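Open your viewer, switch to a cartoon view, and keep the selection box handy. We'll hop from place to place, and at each stop you'll get something to select.

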Amino acid sequence: MSKTIRAVLLPNMNSVLIALIAQVVGFENGVGLLNDRGKMIGWIDIPAQDPELRQNQFERVLGEFNAILNDPRHAQQPDYAHLNEEGAA
């Protein structure tokens, strides 16, 4: 049985409490984590330059956080390895 996590670790080694995340928003250069007042409390940079790979990275990050917010009791730390796949598309 896995232990329930209370915070997610971001690629920049900051952590954010899951309970504080109200909204996950895609911006031009990355994904922002917003609290219930719309204040940004976390940022995930999307570094890819290739449009197709960039879109895939956005979708994966947004999907992982959607899963976390919809079922925080079974949340797992996001895997950001795909953000380093610059030329893999």
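Here is the tour, stop by stop.

**Stop 1: the whole chain**

Before you click on anything, keep in mind that this is a predicted model. Color the cartoon by secondary structure and you should find one helix and five strands. Going from the N terminus, the order is β-β-β-β-β-α. The radius of gyration is 13 Å, close to the 12 Å that the globule rule gives for 89 residues, so the chain is as compact as a globular protein of that length. Rotate the C-alpha trace: along its principal axes, the trace spans about 35 × 35 × 20 Å.

Now turn on the surface. The chain exposes about 6000 Å², and carbon and sulfur atoms supply 49% of that area. As for what's tucked away, 33% of the 89 residues count as buried.

**Stop 2: strands β3 and β4**

Select residues 23-26, which is β3, and residues 30-34, which is β4. These two strands run antiparallel and are joined by four bridges. The link from β3 to β4 is a hairpin of three residues. Zoom in on a couple of pairs: Gly-26 has Val-31 of β4 as its bridge partner, and Val-25 stands opposite Gly-32 in β4.

Is β4 enclosed or open? Count its buried residues and you get five of five, so β4 is largely enclosed by the rest of the structure.

**Stop 3: across to β5**

Keep β4 selected and add residues 40-45, which is β5. This pair is antiparallel too, with five bridges between the strands. Gly-32, which stands opposite Val-25, also has a bridge partner in β5, namely Trp-43. Over at Gly-30, the partner in β5 is Asp-45.

Next, follow the turn between β4 and β5. This hairpin has five residues between the strands, and Gly-38 there takes a positive phi near 85°.

While you have side chains switched on, here's a handy thing to look for: in a regular strand the side chains alternate between the two faces of the sheet.

**Stop 4: two loop residues**

Select Met-13, in the loop between β1 (7-9) and β2. What is its phi like? Met-13 has a positive phi of about 70° although it is not a glycine. Its relative accessibility is 60%, above the 50% cut-off, so Met-13 counts as exposed.

Then move to Ala-19, in the loop between β2 (15-17) and β3. Ala-19 is exposed as well, because its relative accessibility is 76%. Try the distance tool here: the C-alpha atoms of Ala-19 and Arg-6 are 7.5 Å apart, and these residues are 13 places apart along the chain.

**Stop 5: the nonpolar core**

Time to go inside. Which residues touch the most other members of the largest nonpolar core? Select Val-8, Leu-10, Leu-33, Ile-44, Val-61 and Phe-65, and show them as sticks; the core has 17 residues in total. The elements that give two or more residues to this core are β4 and α1 (51-70). The largest share comes from α1, with four residues.

Now center on Phe-65. Setting aside neighbours within four places in sequence, Phe-65 is in contact with Val-8, Leu-10, Ile-21, Val-24, Leu-33, Ile-44, Pro-78 and Tyr-80. Long-range contacts turn up across the chain: among contacts between residues at least 6 apart in sequence, 44% join residues at least 24 apart.

**Stop 6: the segment after α1**

Last stop! Select His-82, in the segment after α1. Is His-82 buried or exposed? Its relative accessible area is 2%, under the 20% cut-off, so His-82 is buried. Leaving out residues up to four places away in sequence, His-82 touches Gln-57, Arg-60, Val-61 and Glu-64. Its side chain also reaches the backbone oxygen of Asp-79 at 3.5 Å.

That takes you to Asp-79, which lies in the segment after α1 as well. With a relative accessible area of 43%, Asp-79 is partly exposed. The side chain of Asp-79 reaches the backbone nitrogen of Ala-81 at 3.1 Å. For a final distance check, go from Asp-79 to Gln-23: they are 56 residues apart in sequence and 19 Å apart in space, C-alpha to C-alpha.

Definitions and conventions: Residues numbered from 1 in each chain as written. Predicted model: local features only at pLDDT ≥ 70, side-chain atom pairs only at ≥ 80, totals over all residues. Heavy atoms only, no water. Pairing = 2+ DSSP bridges. Buried < 20%, exposed > 50% of the residue type's maximum accessible area, 1.4 Å probe, protein only. Core = buried A, V, L, I, M, F, W, Y, C linked by side-chain atoms within 4.5 Å. Contact = heavy atoms within 4.5 Å. Polar contact = N/O pair within 3.5 Å; in protein donor to acceptor, adjacent residues only side chain to side chain. Rg over C-alpha atoms; globule rule 2.2 N^0.38 Å. Areas by Shrake-Rupley, 256 points an atom, 1.4 Å probe, with all protein chains shown as cover.
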